[in-house]
Amino acid sequence: MFNPQTPSHPVPEDASDRYDSTAKTYDETVGASEKSIGVDRLRRKLVGQAEGHVLEVSAGTGPSLAHYNFKKVRSLTLLDQSAPMLEIARQKWYEIKERDLLAGRKPANVEFRVQSALDPIEGPKYAKDEKVDEPGKFDTVVQAHGLCSTAQPERLLQRLGEVVKRDGRILLLEHGHGFFGWLNLSLDLNAPMRADKYGCWWNKDIGALVRNSGLEIVKISRPWYHLGTTWWIELRKGHDAEQEHKIQQEVESPIKQHVMAQQQEAVQKRGWLW
Ligand SMILES: C[S@@+](CC[C@H](N)C(=O)[O-])C[C@H]1O[C@@H](n2cnc3c(N)ncnc32)[C@H](O)[C@@H]1O
C-alpha cells in the first residue's frame, strides 16, 4: 500500500545506530511524548519492583534511574550499546549522587557499561566480594523499550535468561502491535519512517518474541488505554523447562541404552547368518 511517509530508501532491520545521533534530543522528543501518555508512571511501577543486584539493559539516557528504590537495590548496572545515550544517563547519575552526598546519604552502587546486550554479559561488579549462591548472575533484570530497537530480540531475551539467577526476575516494559487490526496496519505502514528516524521498530509482535525466547512467562499485561500496544511482561529463567529436560534425559537414557543393546544384538546375529 502506498504511504507518503515511507522513506524511498530501504530501512535496515537494525537501525539502532540512530540513537548515537539522536541521544542529545532524545529526552525532549521521545521521552517527553512517553511522559504525556503515562509510560513514565508504568516505568516507575516496574522499576520499583527491582531488588538485589540489578541489571538494566538498553538503558538509554537513564529515564528509569530516578525510580529505583536503593533501599532494596544493592547495585545497579546500566548497559547500552550507544555510548552517547549512556553518557546522558551517567550525567543524570552524577546529579543524583551529588544530591545524596550533600544530604549526607551514601551514594548507591551504580555501574555503566557500553556494550551490546547480544554479547555475553558479565555479572555484577559489586557482588564480586560477596558470598552468593549464583555468582556472576543478577537478581533482577530490567528492560524498557529495548525489543523494538534490536534486530535480534529473541537472542537478546535469551541473554537476559543467561544472566539472571534461577529465582530471579526479568521485568520488561515494551511496545509493539496492539489489540486491533486497523491499529497494527497503521503501525506497520509508519514503521519504516519511524525506524529510520528513531531506530525503533514499533510494530513487533512482542507476544511471539517472548513465547519464542524459551523463558517462562510469569505475567503479561497490556493496559487498555494504550490499546494493547504497551506490554508489561515478567519472565523467569524457566527452570521448570530446564528440570523437564533433565527428567526427560534421565527417563530416556535407560530406554535408549536398552534399544541400542537390542540393535547391537540384532547386528551380531545377522553377522552370524550372513
Ligand atoms: C527506545 S531506546 C530506550 C531507552 C530507555 N530504556 C528508555 O526507556 O528510554 C532503545 C535503546 O536500546 C539500545 N539498544 C539497542 N540495541 C541494543 C543492544 N543490542 N544492546 C544494548 N543496547 C541496545 C539503544 O542504544 C537505545 O538506547
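**Contacts, cores and a surface patch**

Setting aside neighbours within four places in sequence, Val30 is in contact with Arg194 and Tyr198 in this predicted model. The pairing with Tyr198 bridges a long stretch of chain: the two residues are 168 residues apart along the chain, yet their C-alpha atoms are separated by 8.7 Å. Val30 itself is found in helix H1, which covers residues 18-36. Because its relative accessible area is 9%, under the 20% cut-off, Val30 counts as buried.

A wider view helps to place this residue. The chain holds 7 helices and 7 strands, and these follow one another along the sequence in the pattern α-α-β-β-α-β-β-α-β-α-α-β-β-α. Of the contacts between residues at least 6 apart in sequence, 68% join residues at least 24 apart. Of the 274 residues of the chain, 46% count as buried.

The interior comes next. In soluble globular proteins, nonpolar side chains tend to be buried together. Here the largest nonpolar core has 24 residues, and Tyr68, Leu76 and Leu78 have the most contacts inside it. At least two residues of this core come from each of helix H2 (39-47), strand S2 (73-80), helix H3 (83-102), strand S3 (110-114), strand S4 (138-144) and strand S5 (164-175). Another core, of 22 residues, lies apart from the largest one, with Ile121, Leu147, Leu156 and Leu157 among its members. Leu76 offers a good look at the surroundings of a single core residue: beyond its neighbours within four places in sequence, Leu76 is in contact with Val54, Leu65, Tyr68, Phe70, Asn109, Val110 and Glu111.

What, then, lies on the outside? The accessible surface of the chain comes to about 15,400 Å², and carbon and sulfur atoms account for 53% of this area. One nonpolar patch on the surface is formed by Phe179, Phe180, Trp182 and Leu227, which together have about 420 Å² of accessible area. Trp182 has its place in helix H5, residues 181-198. Trp182 counts as exposed because its relative accessibility is 56%, over the 50% cut-off.

A word on confidence completes the picture. The mean pLDDT of the chain is 88, with 86% of the residues reaching 70 or more. Over residues 243-252, however, the pLDDT is below 50, and this stretch has 0 contacts in the model beyond near neighbours in sequence. Where pLDDT is low, the predicted coordinates should not be read in detail.

Methods. Residues numbered from 1 in each chain as written. Predicted model: local features only at pLDDT ≥ 70, side-chain atom pairs only at ≥ 80, totals over all residues. Heavy atoms only, no water. Patch = residues over 30% accessible without salt bridge, like charges linked within 9 Å, V, L, I, M, F, W, Y side chains within 5 Å. Areas by Shrake-Rupley, 256 points an atom, 1.4 Å probe, with all protein chains shown as cover. Salt bridge = Lys/Arg side-chain N within 4 Å of Asp/Glu carboxyl O. Helix = DSSP H or I, 4+ residues; strand = E, 2+ residues; numbered from the N terminus. Buried < 20%, exposed > 50% of the residue type's maximum accessible area, 1.4 Å probe, protein only. Core = buried A, V, L, I, M, F, W, Y, C linked by side-chain atoms within 4.5 Å. Contact = heavy atoms within 4.5 Å. pLDDT = per-residue confidence, 0-100.
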